[in-house]
Amino acid sequence: MFQSHPRGMSVVAPAILTCTTNPRDDKVHTKLRTTRRPIFAVLSSNTESSGNLCSSNMAVPGSPDWSVASTKSCRRTCKAMNCFVPAYKSRPFLAFPASNSIVCHVKSSSCPSPSLEEQPKTEFPIINLDLRLQDSQPFATSDSEISNQFLCGVLNDPLTQGVAYEYYKKVKERKEFEPERPVLKLLLRYLVRSKKWSLIESVFHDCQQYNVFPDGYTCSRLIGICVKARKFRMVETLLEACKSDRVTALFSFESAMRGYNKLHMYRRTILAYEKMKSEGILMNSRCYCHIIKAYQKVGDVDKVVALFQEFGSRNFSSKLVTGQVYKMLCESLGKAGRPFEALEYFRNVTKKGISKVEPPIYSSLICSFANMREIDVAQELFKEAEEKKMLTDPEVFLKLILMYIEEGMMEKTVDIVRIMKKTSLRMSDCVFCAIVNGFAKRKGFPAAVKIYEQLTSEGCEPGQVTYASVINAYYRSGFYSKAEMVFLEMEQKGFDKCLVAYSTIVAMYGKTGRLRDALRLVAKMKLKGCEPNVWIYNSLLDMHGRVKNLRRVEKLWKEMKRRKVAPDKVTYTSVISAYNRAKEFEKCVNFYNEYRRNQGVIDKAMAGIMVGVFSKTEQVDELLKLLRDMKSEGTPFDRRLYLSVLNSLRDAGLLVQTKWLQESFEAKHVLR
């Protein structure tokens, strides 16, 4: 067991010696744990520090002193004595079982910490080593020993859960065995964590066979997890299995409908409701809430009203669920164009005190009446909600602003903004943009610029969409320097990838003749990862075509093709106009034919250019074909275009075609 060490130390292998001190009984508990690699635990002895001497001796199984182990006291308690030295293959060692540990009880008085320095040998106190084997997890040796209690023990231990289903499968073959509810609950919980879906289905079949189901909470949670994992076939199987137990079935169906609604699978929620109804399972308040929401989302308002009336006849006590149901009812009726019915239900609720009135109900009603342009009712409800401090939804303010814009009541929009600031709600970019665009539509771009400056002076913060709108308003109003200043401010705030704002500034540079600035801005835009769209290319083509820079026009056209930016009617008109100015009529005809092959529709601008091209190149047949196409497509003529075509036909001596033109395009069809 022991071999002598060169320095008088006792060697134990392969155990690890660990000492801990118990302050109550002044005992040192020493644990020796076995390791796979043999090591030597060396207990240092003969240590003298600060005039105090601590010495120890140890007796272990197999030694002569094992049966007569005794203990001698020291003045101080040894705190911990562990030291390790490399193991040698030639040294014999003692192998302990891996599942057991050896516990040594050392009784001693206080002593200083041991030192590893070599000291002269003294008398060693004997250490009492108590060998204790830890109890291992009991395993069944035969099928008859497997019981419900045994299965619960196996399932409660994380180390043995892996073999739990095998034991359950064995004991299930015994005819007299019936699983208890705790066993099924623990087994299902383990299988769900392990994601063993096929075994879960098998266990639920057993539940149905034995007519023993876990509690409703466990089944509800299990079905919710299956829905979240999108195991819909298994959900249907579980619902079918647990429908015999009414309480369990209620919780299970409620969990399934809640999970389907979270995934926006409202049709499945309706199917679960229909199955629940066919089985005669009475719904609770939460089930009503889920199914009403499903019918609301699919737009079946009549079913929502019918379920609401059924819900009201049950007299549920939950005010929270009742408030949610009333909110969904009002929203459904409002979206269906029946806000007055919703208002009637709402007044009944407030009179009877059935449910606490919540802000979402006011929001739904106000938005519904605002959409129908019922100004008086919407204003009344808005004022009532303001007094009760129920204005918490920014959408309410947006709907009212849009209503006032459509009705031309522009001053009211500013009042709504001020009320919004009183309620401590931040004015969103949508609201700000709606006001600016509304003023531009109703009162013109200068009015839009004025209201923008007024709102910003009052502390309203514009966003990307508002910046784009007001830049366009400044450009249309002729305030080019202010448009550029606002654009720079927009970039400084981080809104540097707005295509609408870029296209407006590029068009402004083209109109003012700043072609190089336009190209620099497009290059800067590309560096920021913002790809030019067809609007920007149209502006570039138009500005370079006006100065007859055909080289740049051709380069931009090829770039569009390379970047796969599809040209539109304005693109072709700009390119054809550029080549027409340079009197390259053949190019004009080629681009026009390509435009017509791509199903392009002729408008007045395109027709005016091509009439001139065909007249100058004396392509009378193409001119007549253009006129027939314009008539068949319903393209209107203006007087200038009509006279140009008439003069061209007269100059060519085509009297028959001239008469046809006069008969086909009479004065009443000519736009002035």
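## A lysine over a ring

In this predicted model, K482 lies over the face of F479, with 5.8 Å separating it from the ring centre. That makes a good starting point for a look at the aromatic side chains, followed by one helix and one buried serine.

## Aromatic pairs

The structure holds 20 aromatic pairs. One of them joins F382 and F397: the ring centres are 5.8 Å apart and the planes stand at 90°, so this pair is edge-to-face. With F382 in helix α14 (residues 375–387) and F397 in helix α15 (residues 394–406), the pair ties together parts that are 15 residues apart in sequence. Both F382 and F397 are buried.

Elsewhere, ring pairs build a cluster rather than a lone couple. Its members are W557, Y572, Y579, F591 and Y595, linked to one another through such pairs.

## Helix α8 and its two sides

Now for a helix worth turning in your viewer. Helix α8 covers residues 266–278, which is 13 residues in total. From its first C-alpha to its last it reaches 18 Å, close to the 18 Å expected at 1.5 Å a residue. Which residues of α8 are buried? They are Y266, T269, I270, A272, Y273 and M276. Viewed down the axis of α8, these buried residues fall within an arc of 160°, so they line one face of the helix. The spacing fits a general rule: an α-helix has 3.6 residues a turn, so residues three or four places apart point the same way.

What do the buried residues of α8 pack against? Their partners are three helices: α7 (246–262), α9 (285–298) and α10 (301–313). The other side of α8 has R267, L271 and S278, which are exposed. Just after the helix comes G280, where phi is positive, at about 75°.

## A buried serine in α7

Helix α7, one of the packing partners of α8, is also home to S255. Is S255 buried or exposed? Its relative accessibility is 2%, and because the cut-off for burial is under 20%, S255 counts as buried.

The side chain of S255 reaches the backbone oxygen of S220 at a distance of 2.7 Å. S220 also appears among the contacts of S255 once neighbours within four places in sequence are left aside; the others are I223 and G224.

Conventions:
Residues numbered from 1 in each chain as written. Predicted model: local features only at pLDDT ≥ 70, side-chain atom pairs only at ≥ 80, totals over all residues. Heavy atoms only, no water. Phe/Tyr/Trp six-rings, centres within 6.5 Å; stacked < 30°, edge-to-face > 60°. Helix = DSSP H or I, 4+ residues; strand = E, 2+ residues; numbered from the N terminus. Buried < 20%, exposed > 50% of the residue type's maximum accessible area, 1.4 Å probe, protein only. Lys NZ or Arg CZ within 6 Å of the ring centre and 35° of its normal. Expected span 1.5 Å × (residues − 1). Arc of directions from axis to C-beta. Contact = heavy atoms within 4.5 Å. Polar contact = N/O pair within 3.5 Å; in protein donor to acceptor, adjacent residues only side chain to side chain.
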